[in-house]
Amino acid sequence: MSDSESDIDIADLRSKYVLKTVPFDARFPNQNQTRHCFQTYIDYHKCVKAKGEDFAPCQQFLQAYRALCPHSWTEKWDGQREAGTFPASLEP
């Protein structure tokens, strides 16, 4: 592959994908983002219960918790929600 082909591929990828991080949240000012992860997971599920999955702000919570939380944690929490043992209220 020539340099010009790789430049085209990179430009194509950049047009398809926008990499960004979760914006600063003053409730979680420390480097440890564990609580931020957990709260965003809760916020997403409360939002979906109240407004439905297609509601745009719910999608922002989804993207945030997916960026912040390890996949193994969210799998565990999903299992707890299904079993009715999740340690927080998800009622809106």
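Buried means under 20% relative accessible area, exposed means over 50%, and partly exposed lies in between (1.4 Å probe, protein chains only).

## The model

This is a predicted model: local features need pLDDT of at least 70, side-chain atom pairs count only at pLDDT 80 or more, and totals for chains, interfaces and linings use all residues. Residues are numbered from 1 along each chain as its sequence is written, and side-chain values use heavy atoms, with hydrogens and water left out.

Helices (H or I, at least four residues) and strands (E, at least two) are DSSP runs, numbered from the N terminus.

## Helix α3

Start with the exposed side. A56, Q60, Q63 and A67 are exposed there. The other side of α3 is not like this: C58, L62, A64 and Y65 are buried. These buried residues cover an arc of only 165° around the axis, which puts them on the same side of α3. The arc is that of the directions from the helix axis to the C-beta atoms.

What do the buried residues of α3 pack against? They pack against α2 and α4. Contact here means heavy atoms within 4.5 Å.

Now check the length. The expected span of a helix is 1.5 Å times one less than its number of residues. For the 13 residues of α3 that gives 18 Å, and the end C-alpha atoms are 19 Å apart, which agrees. A56 belongs to this helix. Its relative accessibility is 51%, so A56 counts as exposed. A56 and R66 are ten residues apart in sequence, and their C-alpha atoms are 16 Å apart in space.

## Helix α4

Helix α4 covers residues 71-83. Its 13 residues should span 18 Å, and its end C-alpha atoms are 18 Å apart, which agrees. Which residues of α4 are buried? They are T74, W77 and Q80. Seen down the axis of α4, the buried residues fall within an arc of 120°, so they line one face of the helix.

The face turned away from that buried side carries the exposed residues H71, K76, E82 and A83. The cover over the buried residues of α4 includes α2 (34-51) and α3 (56-68). After α4 comes G84, whose phi is positive, near 80°.

## A closer look at T74

T74 sits in helix α4. Its relative accessible area is 7%, so T74 is buried. Leave aside the neighbours within four places in sequence. T74 is then in contact with Y41, Y65 and C69.

## The loop residue K20

K20 lies in the loop between α1 (3-16) and α2. Is K20 buried or exposed? K20 is exposed, with a relative accessible area of 72%. K20 and H71 are 51 residues apart in sequence and 18 Å apart in space, C-alpha to C-alpha.

## The largest pocket

On a 1 Å grid over the protein atoms alone, a pocket is an open set of points where a 1.4 Å probe fits, with protein on both sides within 12 Å along at least five of seven lines; lining residues have an atom within 4 Å of a point. The largest pocket has a volume of about 390 Å³. Of its 15 lining residues, V22, P23, Q60, Q63 and A64 are the closest to its centre.

The elements that give two or more residues to the lining are α2 and α3. The largest share, six residues, comes from α3.

Note on methods. Grid points are joined across faces, edges and corners, and a volume is the space filled by probe spheres set on the points.
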